[in-house]
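Colleague: I am new to this structure. Please take me closely through the open sheet and what packs on it, and then through the aromatic pairs and the loops.

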Amino acid sequence: MKLLSEYRDPELVRRLLGKIEEPLTRSWRIMEVCGGQTHNLVKYGILSLLPQAITLVHGPGCPVCVTPRRLIDQAVELAERGVVLCSYGDMLRVPGSRKSLREAKAGGADVRMLYSPLEAVRIARENPGREVVFFAVGFETTAPANGLAVAHAAREGLRNFSLLSAHVLVPPAMEALLTDPDCRIDGFLAAGHVCTVMGCEEYEALAARHRVPIVVTGFEPLDLLQGILELVILLEEGRAEAKNAYGRVVRREGNPEARALLTRIFARVDREWRGIGTIPGSGLDLRSEWKAFDARVKFALDPERSEEAGECQAGKILKGILKPPQCPLFGKECTPIAPKGAPMVSSEGACAAYFHFAGVASGAETKESAASAP
């Protein structure tokens, strides 16, 4: 299939739905890890088309959603100190303890929305008298580009560019969910774009260690249904394996050049995830030889943690314990216009997906939104 429309073919969708139902002998609870997958599952109505025995829960695969308040507070602090603070668009709207970056910008801070970290390097080059910080959020997919920006800045001898790294890694988060007694997950749909960079080997070890099947999956409706079918077969046959159902994009070894760049620029560190807590080895920070480009070191930022708002259920939603409509604030006090939590802000957030596409905000409850919490 070469055309995008073919990945959304209604007849093929019906055939795959039938194949998913055939082997089912019991109920299964499946987590899709990536926020992009969540959006398409809701947007294309797949959640309501699946057999009743399949319950999909939504994972922590939205990098904006899991960035803790502490890091947003640090970014706001830098902007208010007078640096040129750059980041991706969604990150500007997420509330910190006092304010968001967008509110800091409204107050006069120089906050800029960019599409690439290399734009921040260009800004630093063109403004040698200003400090430029790129607030680097994202998973294994965006980290190579941010590492490349640091390498470019070093090669050009730029001393006024630095990175506020908020990078997080997917497999350690999946491992944390599997060891959390409040989470109940029978199998995972793994994010295909992450595996494009990192490959599948880490998932093979994870599946074997926790006796849980994992299927690497794409993002179009047929990709998602094919991934669910592969996972259902593994679950019904009792096979705790990692399988690649996104072979047109993902290779087992991933992208060796990108992986080598990550290893050269970044080191794994423990990282706090918003609403989840600190997960060992789940973050990327600059290695010691690149610390001249580390904004935390350069500006001696306060490492103290910030507290999350008590009423927001984002943490339970990111862990698949609750569905967005089960949060008492959903669609009432918390909307995309006035978000209380990051999952309602981000274009990949589960709450935003339900609000925009599932019709639950208007009371048209779907099978998925009605699914009971454990």
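Modeller: The sheet comes first, then the helix on it, then the rings and two loop residues. This is a predicted model, in which local features need pLDDT of at least 70, side-chain atom pairs count only at pLDDT 80 or more, and totals for chains, interfaces and linings use all residues. Residues are numbered from 1 along each chain as its sequence is written, and side-chain values use heavy atoms, with hydrogens and water left out.

The open sheet has five strands in the order 2-1-7-8-9, with parallel pairing. Helices (H or I, at least four residues) and strands (E, at least two) are DSSP runs, numbered from the N terminus, and two strands pair if DSSP finds at least two bridges between them. Strand 2 (54–61) and strand 9 (242–244) are at the edges with a single partner strand each, so one side of each has no neighbour in the sheet. From one strand to the next the twist averages 25°. Axes here are lines fitted to C-alpha atoms, for helices over the stretch in contact, and angles run from 0 to 180 degrees between N-to-C directions.

Strand 1 (residues 28–34) and strand 7 (residues 187–191) run parallel and are joined by three bridges. Within this pairing, Ile30 stands opposite Gly187 of strand 7. Helix 2 (residues 35–43) packs on the sheet, where it touches strand 1, strand 2, strand 7 and strand 8 (214–217). The direction of helix 2 makes about 120° with that of strand 1. Contact means heavy atoms within 4.5 Å.

Gln37 belongs to helix 2. Gln37 has a relative accessible area of 0% and is therefore buried; buried means under 20% relative accessible area, exposed over 50%, and partly exposed in between (1.4 Å probe, protein chains only). Leaving aside neighbours within four places in sequence, Gln37 is in contact with residues including Glu32, Leu189, Ala190, Thr217 and Gly218. A polar atom of the Gln37 side chain lies 3.3 Å from the backbone oxygen of Gly218.

Now the rings. A search of the whole structure finds four aromatic pairs. Rings of Phe, Tyr and Trp (its six-membered ring) pair if their centres lie within 6.5 Å; planes under 30 degrees apart count as stacked, over 60 as edge-to-face and the rest as tilted. The rings of Phe139 and Trp273 have centres 6.2 Å apart and planes at 45°, so this pair is tilted. Phe139 lies in the loop between strand 5 (132–138) and helix 8 (143–156) and Trp273 in strand 10 (residues 266–273), so the pair ties together parts 134 residues apart in sequence. Both Phe139 and Trp273 are buried.

For Phe330 and Phe355, the ring centres are 6.3 Å apart and the planes at 75°, so the pair is edge-to-face. Phe330 is in the loop between helix 15 (314–318) and helix 16 (342–345), and Phe355 is in helix 17 (residues 350–358). Phe330 is buried at 10% relative accessible area, whereas Phe355, at 26%, is partly exposed.

Last, the loops. Arg211 has a positive phi of about 55° although it is not a glycine. Arg211 sits in the loop between helix 11 (201–210) and strand 8, and at 60% relative accessibility Arg211 is exposed. Ala300 also has a positive phi, near 45°. Ala300 lies in the loop between helix 14 (295–298) and helix 15, and is exposed at 62%.

Key
Polar contact = N/O pair within 3.5 Å; in protein donor to acceptor, adjacent residues only side chain to side chain.
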